[in-house]
Amino acid sequence: MTASTGAPAPEQREKWSGQTAFILAAVGSAVGLGNIWRFPGQAYESGGGAFMIPYLIALVTAGIPLLLLENGIGHRFRGSAPLALRRVHKRAEGVGWFQIAVSFVIGLYYTVVIAWAVSFFFFSFNLDYAEDPAGFFIGEYLQLGDEVKLGFDIVPGVMWPLLAIWAIAIIVLALGVHNGVERLNVVGIPLLVVTFIVLAVRAMMLDGAMDGIEALFTPDFSALADINVWIAAYGQVFFSLSLAYGVMITYASYRKKRSNMTAPAFVVAFGNCSFSLLAGFAVFGAIGFLAHEQGVSVAELDGLTGVSLSFITFPAVIAQMPGGPIFGAAFFASLVIAGLTSLISLLQTISAALQDKFGWHPRGSAVAVGLIMATLSVLGFSTTTGLYLLDTVDQWSNQLGIVAGAIGMVAAVMIARRGREIALHLSAVSTLGVGRAWRVLVVGVSLLLTYMLVRKTVELATQGYEGYPGEYLAVFGWGTAGFLVLIAIVLPLMPWHRAIAEFDAWPTEGQLEEAAAGAARKGGA
Ligand code: PHE
């Protein structure tokens, strides 16, 4: 029918097989390294139990509203981030590319952490790290140099698992949304949840576990007065729900036309949050045991945050507990599965954007993206100075990049005056409607994010980061920010492989409104 009217042929977008597949894939993206190694350490450092307050507030005021927004944009405007946002507003394509660039940068080092977990999975069987976990990770495994500079001394022990992860990722992507991405999640997520519940239960049974849990959840309410704790909570929610990377827009675009788009967002948000709590129990239960074995209090232990938590402190626990090798292998296998399903979402997002823009075939696009990123990832991060680069690029892309990407997205919707349209759309296709409160929250969040962005930019500009040399930060920190902006400017200048239609596949805002009024008259919600 469309052909005869001269309108462009309807897109043959790939599809999920159904709602469950979509939810599992979205949970697969959300539940990742962030839940297992970032959340427990972050919470411990930011007020323990009191952190739950800003965290839950951030989840309700920012996480869920933006997840709904991305679901709405992806489903109504049916495209990867650049295409969908371009349909929101002619000039918003660059915001989409900005998000794609953030995903690109993060994908380069996210893989590296998964590769470490692969190595540590194998090390667990013989407890190779038992004698001196810190020396083993930093010295023997990473072979970290002591100077913060760019280097190209590749560490083979990191490079090989890294290449393996890239090979797996390319294969899964090349199999397509339905046969690759969906299957990985449908198998991986239940497996991950079961393994992790067993791990948590085992950890809770260790001597001293309760002291660890207590250390994690004892509230220090004074932390609530610290603005940085709030910023950390919002940052954690964004990273953890994969928001402002273009991921959820892309995943929503693979849903069928008649799909419930709101209820799954709640399932994903609460599922992700529960997994983080579960990880908190598993990790701090085990840490309580370590303190107990060493006859000290949890507060006296070092290395309870960041990279050290998973790769130094946790190995120390594994080395001392009965059945350590199995527990260790299960822990690192969980990290690998959780990381892989998140990684795939990042890569699919990038690949989908290139397919939409240049008309590339899904398989070709997957292979091209994978090969280019694998090369950069190996050269930049599997070296003796890779950890410094990872740390720097992560600060700029995660702390500044995603916040800026989120602000741009909300601004695009507001400038195009499409907030109401998206709300009506979500309500029309879903069981649970969204209304004015949602729109107010979205706008409120963007103001808060703007404040965070300015503050963080000023902080990085005036105080630097971790005492790293200024030139190094100029090139790799600010350089990363420059790269994101460059992509956002250049890609919209390139031509689309075919004219993109104004988007008319759905009832217009007016029709949606009439339908909503009709439903209300009939006594609907
Ligand atoms: N949500 C993932 C995590 O918690 C990180 C991620 C962000 C993955 C964005 C994909 C896209 O680890």
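Author: A polar contact is a pair of N or O atoms within 3.5 Å. The model shown here is predicted, and the ligand in it can be read with that cut-off.

Reader: Which polar backbone atom lies 3.0 Å from an oxygen atom of the ligand?

Author: That backbone atom belongs to L33. A polar backbone atom of A30 is 3.0 Å from a nitrogen atom of the ligand. In the side chain of Y110, an N or O atom is 2.6 Å from a ligand oxygen atom. Of the accessible area that the ligand has on its own, 320 Å², the protein covers 100%.

Reader: Which residues come nearest to the ligand, and which helices supply at least two residues of the shell?

Author: The ligand has 15 residues around it, of which A30, L33, G34, Y110 and F239 come nearest. Helices α1 (19–30), α2 (33–45), α10 (227–240) and α14 (324–358) each supply at least two shell residues. By class, the shell holds 7 nonpolar residues, 8 polar ones and no charged ones. The ligand takes up the space of the largest cavity.

Reader: How should one read an aromatic pair, and how many does the structure hold?

Author: Two values describe a pair of aromatic rings: the distance of the centres and the angle of the planes. The structure holds 36 aromatic pairs. One of them is F120 with F137: the ring centres are 5.8 Å apart and the planes stand at 70°, so the pair is edge-to-face, as planes over 60 degrees apart count as such.

Reader: Which parts does the pair of F120 and F137 tie together?

Author: F120 lies in helix α5 (residues 93–126) and F137 in helix α6 (residues 133–141), so the pair links parts that are 17 residues apart in sequence.

Technical notes: Residues are numbered from 1 along each chain as its sequence is written. This is a predicted model: local features need pLDDT of at least 70, side-chain atom pairs count only at pLDDT 80 or more; totals for chains, interfaces and linings use all residues. Side-chain values use heavy atoms; hydrogens and water are left out. A residue is near a molecule or strand if one of its heavy atoms lies within 4 Å of it. A polar contact is a pair of N or O atoms within 3.5 Å; within protein, one must be able to donate a hydrogen and the other to accept it, and residues adjacent in sequence count only if both atoms are side-chain atoms. Accessible areas come from the Shrake-Rupley method with a 1.4 Å probe; for residues, only the protein chains shown count as cover. On a 1 Å grid over the protein atoms alone, a cavity is a set of points where a 1.4 Å probe fits but cannot get out, and a pocket is an open set with protein on both sides within 12 Å along at least five of seven lines; lining residues have an atom within 4 Å of a point. A molecule sits in a cavity or pocket if more than half of its atoms lie within 2 Å of its grid points. Helices (H or I, at least four residues) and strands (E, at least two) are DSSP runs, numbered from the N terminus. Ala, Val, Leu, Ile, Met, Phe, Trp, Tyr, Cys and Pro count as nonpolar, Asp, Glu, Lys and Arg as charged, and the others, Gly among them, as polar. Rings of Phe, Tyr and Trp (its six-membered ring) pair if their centres lie within 6.5 Å; planes under 30 degrees apart count as stacked, over 60 as edge-to-face and the rest as tilted.
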